Structures are given as C-alpha cells and as structure tokens.
Amino acid sequence: MNKESKPDRPEWARELAASPFREPMFTEEMKADILNRRKSADLQHSQGLASSWRRRVPVLTAGICALLLLTAVWGWQAFPALRQLVPLKGPGSASEWTPHTLYTENGEPRLQVFAGGDYAAGAPAGAAWFLMSPIEELEGKHVRITAVHRDSGMILEELAETEITADMAYLGGPDSSFKDATRIVSRFGLPLAGLWKFDLLIDGKKYGDIVFDVPDGSWEPSPSFVTDVSEEEAKIPASRGAPPRSVTGVEGRLAFLGMDFAAGKPNKYMWHFWGKDEELTGDLTFTAVKQHSNELIDVFQTEIRPSPMYGADAMLPSMMMLPSPGLWRIMASIDGQLFGSVVVEVR
C-alpha cells in the first residue's frame with residue numbers, strides 16, 4: 001500500500017471530530033458581554049484608586065503643612081534676621097520696623113533719641129528725646145510716648161501724658177544740631193528683647209516714631225550679697241532676724257530674701273528696694289518672663305511706700321510662685337515704669 005495515501009476514516013472518527021453542540025456556545029453576544037464587563041471592572045478599579053487618593057491627599061497636605069510650619073518656627077528662632085522681615089503681631093509693614101533713632105519729615109530731622117548706657121531688656125536705662133521744635137512752639141502742650149513690641153504685640157506707656165514746660169528747652173552749643181530744640185526725658189525700661197516701636201505724640205497727634213532693637217539682658221542668676229545696716233540694727237539679736245542679711249539681686253537697686261524658687265510652689269519673699277522716695281511710691285507690680293519666651297506673667301501686685309530698714313530704702317513681703325523650671329527674670333515696675341529686675345533659677 002502507498003505510504004502517502006490514507007485510508008478512509010471510519011464514521012465514528014468523523015463524528016468525534018464534529019462539535020457536540022447543535023448551536024455555537026461562544027456567540028458574538030457572549031463575547032460583547034464579557035468585554036463590557038471587563039470595561040466596567042476597569043472603570044470601578046480606576047474610581048477606587050481615585051477615591052483612595054482623594055482620602056490620602058488631605059492627610060498628605062496636612063503633613064506637608066505641619067512640616068513647613070515646624071521649619072518656619074525653627075527658622076524664626078534660629079535666625080533673628082528673619083524677624084525683621086515680617087511682623088507677627090505688631091502693626092505696619094516691614095519697612096516701618098527698620099531700626100532708626102532719627103525721624104525725618106520732608107528730609108529734615110524732626111525727632112532724635114539717645115538711650116543711656118548699655119540698655120537691655122529688663123533694665124531701666126533712661127532716654128533723652130530731642131524734638132526739633134523750639135520750646136515756644138511746644139510749651140503748654142502735652143507729650144506722651146507709647147511703645148509696641150513687634151514679636152508679642154505687647155503695648156506699654158513709655159512716658160505718661162506730661163505737660164511741656166519751659167525747663168525742657170534745649171539751647172545747645174553754637175555748633176549743636178539740637179539748637180533751639182525741646183528735650184524730653186523718659187525711663188526707657190523694656191521688659192522684652194527685640195524690636196520696639198515708639199510713637200511720640202503731642203496733644204494726641206503723632207510727632208514722630210523711633211524703632212529700637214533692644215538686646216536681651218544677661219540670664220546669669222543674680223548674685224547674693226550682704227546688706228548694709230545701721231549701728232542700731234546691728235545690735236538686734238540673731239534670734240529676731242538680725243543682720244547681716246544675705247539677699248539675692250542687684251546691689252543698690254532690687255533684691256529679695258527668701259528660699260530658692262521651686263516650680264509650682266508658692267513661698268514668701270521679703271523684697272528690698274533702693275532709690276529715691278518719689279521712685280518708691282506708687283503701685284508695685286511684679287511680672288516675670290522665662291528665658292527664650294516673650295510671654296509675660298503677672299506674679300504679684302501691691303502698693304509701695306518708702307520704709308527704710310536693714311539698709312534698704314523700702315521693704316515689703318510677698319507671696320510668689322513661678323510655674324515651670326528654668327531661668328526666669330522677675331521685674332518690678334512702679335506706676336507702670338520698670339524699676340529693676342532679678343534673674344532666678346527655678347528648680
């Protein structure tokens with residue numbers, strides 16, 4: 001038999017090769033239905049991804065904002081120059097906060113101020129304000145000086161409303177640029193370091209403004225010293241609290257006698273003041289600020305009068321408490337004017 005020829009297949013083989021179904025099982029309609037279902041599934045998957053991202057976007061946005069805020073706060077504290085770019089709470093634009101001690105109007109000097117010594121936060125230094133107007137123009141009017149702290153928004157009165165009198169005239173020398181000027185003196189005691197803007201008003205109207213960049217005072221804890229006493233006081237028995245008395249503070253200005261400060265625990269302190277009678281008369285307020293903070297807290301309020309004792313020109317007791325550990329500057333102000341300060345370490 002020829003190898004290339006094939007015998008006829010039997011009938012049963014031909015039947016096996018044929019489809020067992022009378023009609024096609026995978027019709028065009030079934031194919032279209034499957035394709036539609038796949039498109040629907042793909043669409044639902046895409047919508048699910050979009051919904052998932054919509055849920056994640058607010059979380060990611062909040063995280064990014066928090067990171068930017070932390071970066072901004074760190075930069076504000078680490079780089080003091082940044083604080084001169086944009087004011088936080090103080091009014092006005094950045095240009096208005098550029099430090100200047102000379103105010104001009106139409107190119108002409110109108111107001112200039114000189115602060116005394118190495119002025120710093122927490123220490124009264126005194127200042128002389130020169131108004132470039134003769135006393136004849138200002139006598140009988142009233143001057144007032146206010147100040148605002150840029151970083152905290154704190155407002156204080158540098159000089160209460162005061163009548164301008166003839167003895168405020170400043171003639172100066174023949175070569176003086178302040179010839180025929182008017183000189184006003186203030187205490188110039190600022191409780192916080194940083195930029196302070198002063199507005200000088202004459203009869204309620206602005207005469208000029210000045211901006212000082214006040215340096216921070218020392219944060220070394222105040223030292224202890226022994227007060228001077230009279231011969232009579234020296235005879236007082238030790239059992240009755242006789243001198244010598246070791247106090248903490250600034251010799252010849254402000255000091256206290258008492259235990260160390262412990263956070264959150266009130267205790268009694270005897271304060272010693274040195275100064276003129278007119279300085280030591282009025283409403284006394286103790287405030288405090290913690291190192292690296294601009295938040296002033298009220299500590300104690302009372303009235304003060306001259307009362308010489310144990311070498312001090314005035315003495316009075318107080319009950320005080322500071323809320324948290326660290327270095328604190330306690331400041332005493334009389335009738336709104338900073339009198340002096342001490343630095344203490346709170347356990």
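Visitor: Hi! How much surface does the protein chain expose, and what supplies it?
Guide: In this predicted model, the protein chain exposes about 21600 Å². Carbon and sulfur atoms supply 56% of that area.

Visitor: And what share of the residues counts as buried?
Guide: Of the 347 residues in the protein chain, 34% count as buried.

Visitor: How many helices and strands are there?
Guide: The protein chain has 4 helices and 18 strands.

Visitor: What about contacts between residues that are 24 or more positions apart?
Guide: Taking the contacts with a separation of 6 or more, 60% of them are between residues 24 or more positions apart.

Visitor: Let's talk charges. How many salt bridges are there?
Guide: The count comes to 8 salt bridges. One of them is between the side chains of E96 and K197, at 3.7 Å from N to O.

Visitor: Where do E96 and K197 sit in the chain?
Guide: E96 is in the loop between α2 (28-78) and β1 (102-105), while K197 belongs to strand β8 (residues 194-202), so the pair ties together parts that are 101 residues apart in sequence.

Visitor: Is K197 buried or exposed?
Guide: K197 counts as buried because its relative accessibility is 11%, and the cut-off for buried is under 20%. Its partner E96 is partly exposed, with a relative accessible area of 36%.

Visitor: Which residue does R329 pair with?
Guide: R329 forms a salt bridge with D216, and their closest N and O atoms are 3.4 Å apart. R329 lies in strand β17 (residues 326-334) and D216 in the loop between β9 (205-214) and β10 (224-226), so this pair ties together parts 113 residues apart in sequence.

Visitor: How accessible are R329 and D216?
Guide: R329 counts as buried, at 2% relative accessibility. D216 counts as partly exposed, at 43%.

Visitor: Got another salt bridge for me?
Guide: Sure! The side chains of E279 and R253 meet in one, at 3.5 Å from N to O. That pair links distant parts of the chain, 26 residues apart: E279 is in the loop between β13 (267-273) and β14 (282-290), and R253 is in the loop between β11 (246-250) and β12 (254-258). E279 is partly exposed at 22% relative accessibility, and R253 is partly exposed with a relative accessible area of 22%.

Visitor: Which residues do salt bridges that share partners join into one network?
Guide: D199, K206 and D209 are joined that way.

Visitor: New topic: which residues form the negative surface patch?
Guide: The patch is formed by E136, E137, E139, E163, D167 and D180.

Visitor: Where is E139, and how accessible is it?
Guide: E139 is in the loop between α3 (135-138) and β4 (142-149). E139 counts as partly exposed, with 47% relative accessibility.

Visitor: Last topic, the backbone. Which residue other than glycine has a positive phi?
Guide: D203 is one of them, with phi near 50°. D203 is in the loop between β8 and β9, and at 46% relative accessibility it counts as partly exposed.

Visitor: And what is the phi of Y310?
Guide: Y310 has a positive phi of about 50°, although it is not a glycine. You'll find Y310 in the loop between β15 (296-304) and β16 (314-320).

Visitor: Is Y310 buried or exposed?
Guide: Y310 counts as buried, with 11% relative accessibility.

Methods: Residues are numbered from 1 along each chain as its sequence is written. This is a predicted model: local features need pLDDT of at least 70, side-chain atom pairs count only at pLDDT 80 or more; totals for chains, interfaces and linings use all residues. Side-chain values use heavy atoms; hydrogens and water are left out. Patches are made of residues with over 30% relative accessible area and no salt bridge: like charges are joined within 9 Å, nonpolar side chains (Val, Leu, Ile, Met, Phe, Trp, Tyr) within 5 Å. Accessible areas come from the Shrake-Rupley method with a 1.4 Å probe; for residues, only the protein chains shown count as cover. A salt bridge is a side-chain nitrogen of Lys or Arg within 4 Å of a carboxyl oxygen of Asp or Glu. Lys and Arg count as positive and Asp and Glu as negative; His and the chain ends are not counted. The place of a charge is taken as NZ of Lys, CZ of Arg, CG of Asp or CD of Glu. Helices (H or I, at least four residues) and strands (E, at least two) are DSSP runs, numbered from the N terminus. Buried means under 20% relative accessible area, exposed over 50%, partly exposed in between (1.4 Å probe, protein chains only). Contact means heavy atoms within 4.5 Å.
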